[in-house]
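Work through the exercises below with the sequence and the structure open beside you, and try each task before you read its solution.

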Amino acid sequence: MIKLLKLQKAVLVLIGGVIAYILYLVLDASEVEGARYLQILAGILVMIGALWMLYPILFAKKDRDGNAEIITDPSVEVPVDEEEEKPATE
């Protein structure tokens, strides 16, 4: 699903924010003066990643009925659930 919506970069930014925060905790425990800048960087990266995740929702195209249609990557094949295609038989 993440690859389908082209959100790989947003996930990488979020992971970078988490890594920066972990580095901040390690450096803060060692009482390094520049550790605060890593905390600022971690916060900025997490905010950018969160906003980037909202991009497909905010800029989704609406069809005639007013329903949002999220444009996905056409090169990625979407797996089809077998249960949805089969008619219910009892």
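**Exercise 1.** Determine the handedness of the crossing of α1 and α2, and then decide how the two helices are oriented to each other.

*Solution.* Keep in mind that this is a predicted model. The first step is to look at how the two helices cross, and the crossing of α1 and α2 turns out to be left-handed. The second step is to take the angle, which is about 160° for the packing of α1 and α2, while their axes lie 8 Å apart. Because angles over 145 degrees count as roughly antiparallel, α1 and α2 are roughly antiparallel to each other.

**Exercise 2.** Place these helices in the pattern that the protein follows along the sequence.

*Solution.* Begin by counting the elements, which are three helices and two strands. Reading along the sequence then gives the pattern α-α-β-β-α.

**Exercise 3.** Find where E31 is located, and decide whether it is buried or exposed.

*Solution.* E31 is found in the loop between α1, residues 8-29, and α2. Its relative accessibility is 70%, so E31 counts as exposed. As for the backbone, most residues other than glycine have a negative phi. E31, although not a glycine, has a positive phi of about 60°.

**Exercise 4.** Describe the nonpolar patch on the surface, and classify Y55 by its accessible area.

*Solution.* The patch includes Y37, W52, Y55 and F59, and its residues together have about 1,300 Å² of accessible area. Y55 is found in helix α2, which covers residues 35-58. With a relative accessible area of 49%, Y55 is partly exposed, because exposed means over 50%.

Terms used: Residues numbered from 1 in each chain as written. Predicted model: local features only at pLDDT ≥ 70, side-chain atom pairs only at ≥ 80, totals over all residues. Heavy atoms only, no water. Patch = residues over 30% accessible without salt bridge, like charges linked within 9 Å, V, L, I, M, F, W, Y side chains within 5 Å. Areas by Shrake-Rupley, 256 points an atom, 1.4 Å probe, with all protein chains shown as cover. Salt bridge = Lys/Arg side-chain N within 4 Å of Asp/Glu carboxyl O. Helix = DSSP H or I, 4+ residues; strand = E, 2+ residues; numbered from the N terminus. Buried < 20%, exposed > 50% of the residue type's maximum accessible area, 1.4 Å probe, protein only. Axes fitted to C-alpha atoms, helices over the stretch in contact; angles between N-to-C directions. Parallel < 35°, antiparallel > 145°, perpendicular 65-115°, else oblique. Left-handed = near helix turned anticlockwise from the far one by under 90°.
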